[in-house]
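Me: Could you take me through one part of this structure up close? I'd like to look at the place where the ligand sits, and what is around it.

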Amino acid sequence: MAVPFLTLSDGNTIPQLGFGVFKVEPELTQGVVEEALAAGYRHIDTATGYHNEEAVGKAIRASGIPRESLFVTTKLSNVDHKSGDIRGAYERSLAWLDIDYIDLYLIHWPMPAQEKYLGAWEKLIEFKSEGLTKSIGVSNFQVSQLQHIIEATGVAPVVDQVELHPLFQQKELLTYLDTKDVTVETWGPLGQGRWDLSAYPALTDAAIAHRKTPAQVILRWHIQTGHITIPKTTHRERMDENIDIFDFELNADEMKAIAALDTGKRLGGNPDDVNG
Ligand code: NAD
């Protein structure tokens, strides 16, 4: 079954399930992305900081899939953000990817102690109005940083890409994002392989009931909560597994049981403390 699209606040559409390439080594990335495209993914999430934009672009061009059928996200690195050369960073990403345009450009981390994220956001607004990128958003922004950029510019990001999975559900942030029509995009959706997916009855019971795996149950939960999600794997069978989630539905009790797994604890760094 096909991956559904969500409509962002700027009117553009995005495949709700994408494919992330964090920590996919540059020399492996072209092959991995070609496999993901063959498995049916049409939305790829990369970043300058992953050092694999060039290989993502090569895979896209090699696939022969029309550019307009694909959705590509990349992100302003912390190094470029700190240097202040936001336009140069964007142009370098575009050159490495070599795919005519970027669908979604994100500020990777707010780095609040650097006090440069508002200036970076103003540059992204320029890129959008110049037609360089179709959509602009942020990543790892907390409520205070979102408030700051929205109040200062009047422009809300279309997405906030944040750590979110059953053990860390960000309920307060979600409430705020909802009021500003910012779509949530979840990174680390499967807990980055750092916890045992089969250790939670809320996941395994639903998996048994629907003849799916715990990973499929988690990804289905992300989809049913209305988020965009971008799981990563380098294995073809897991690519197939992770996209095979559109032929079943978790019921209200199953959704509630997963909601109850929240521990409030992150796997990654607190964005307020990531400043370089
Ligand atoms: P993830 O939750 O997608 O975990 C990936 C790991 O889960 C794999 O390495 C593998 O160990 C395991 N896995 C994958 N499929 C599985 C399956 N079917 N069954 C069992 N285990 C499975 O974590 P991630 O890669 O960190 O996050 C996804 C994407 O989000 C990244 O690739 C990247 O594009 C993005 N991301 C963004 C940020 C950010 O700061 N904006 C940070 C981290 C990741």
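Reply: Here is a walk from the whole chain down to the ligand and its surroundings. Keep in mind that this is a predicted model.

Let's start with the overall picture. The chain has 11 helices and 10 strands. Its C-alpha trace spans about 50 × 40 × 30 Å along the principal axes. A compact globule of 276 residues would have a radius of gyration near 19 Å, and the chain comes in at 18 Å, so the two agree.

Now for the ligand. The space it takes up is the largest pocket. Around the ligand there are 27 residues, and the closest of them are Asp45, Ser139, Asn140, Leu190 and Gln192. If you sort that shell by type, you get 11 nonpolar residues, 11 polar ones and 5 charged ones. Which part of the chain gives the largest share of the shell? That's helix 10, covering residues 236-243, which puts in 3 residues.

Next, zoom in on some individual atoms. On the side-chain front, a nitrogen atom of the ligand sits 3.1 Å from an N or O atom in the side chain of Glu241. His108 also reaches in with its side chain: one of its polar atoms there is 3.3 Å from an oxygen atom of the ligand. With Val21 it's the backbone that matters, as a polar backbone atom of Val21 is 3.3 Å from a ligand oxygen. And how much of the ligand's surface does the protein bury? Taken alone, the ligand exposes 830 Å², and 88% of that is buried by the protein.

Definitions and conventions
Residues are numbered from 1 along each chain as its sequence is written. This is a predicted model: local features need pLDDT of at least 70, side-chain atom pairs count only at pLDDT 80 or more; totals for chains, interfaces and linings use all residues. Side-chain values use heavy atoms; hydrogens and water are left out. A residue is near a molecule or strand if one of its heavy atoms lies within 4 Å of it. A polar contact is a pair of N or O atoms within 3.5 Å; within protein, one must be able to donate a hydrogen and the other to accept it, and residues adjacent in sequence count only if both atoms are side-chain atoms. Accessible areas come from the Shrake-Rupley method with a 1.4 Å probe; for residues, only the protein chains shown count as cover. On a 1 Å grid over the protein atoms alone, a cavity is a set of points where a 1.4 Å probe fits but cannot get out, and a pocket is an open set with protein on both sides within 12 Å along at least five of seven lines; lining residues have an atom within 4 Å of a point. A molecule sits in a cavity or pocket if more than half of its atoms lie within 2 Å of its grid points. Helices (H or I, at least four residues) and strands (E, at least two) are DSSP runs, numbered from the N terminus. Ala, Val, Leu, Ile, Met, Phe, Trp, Tyr, Cys and Pro count as nonpolar, Asp, Glu, Lys and Arg as charged, and the others, Gly among them, as polar. The radius of gyration is taken over C-alpha atoms; the globule rule is 2.2 Å times the number of residues to the power 0.38.
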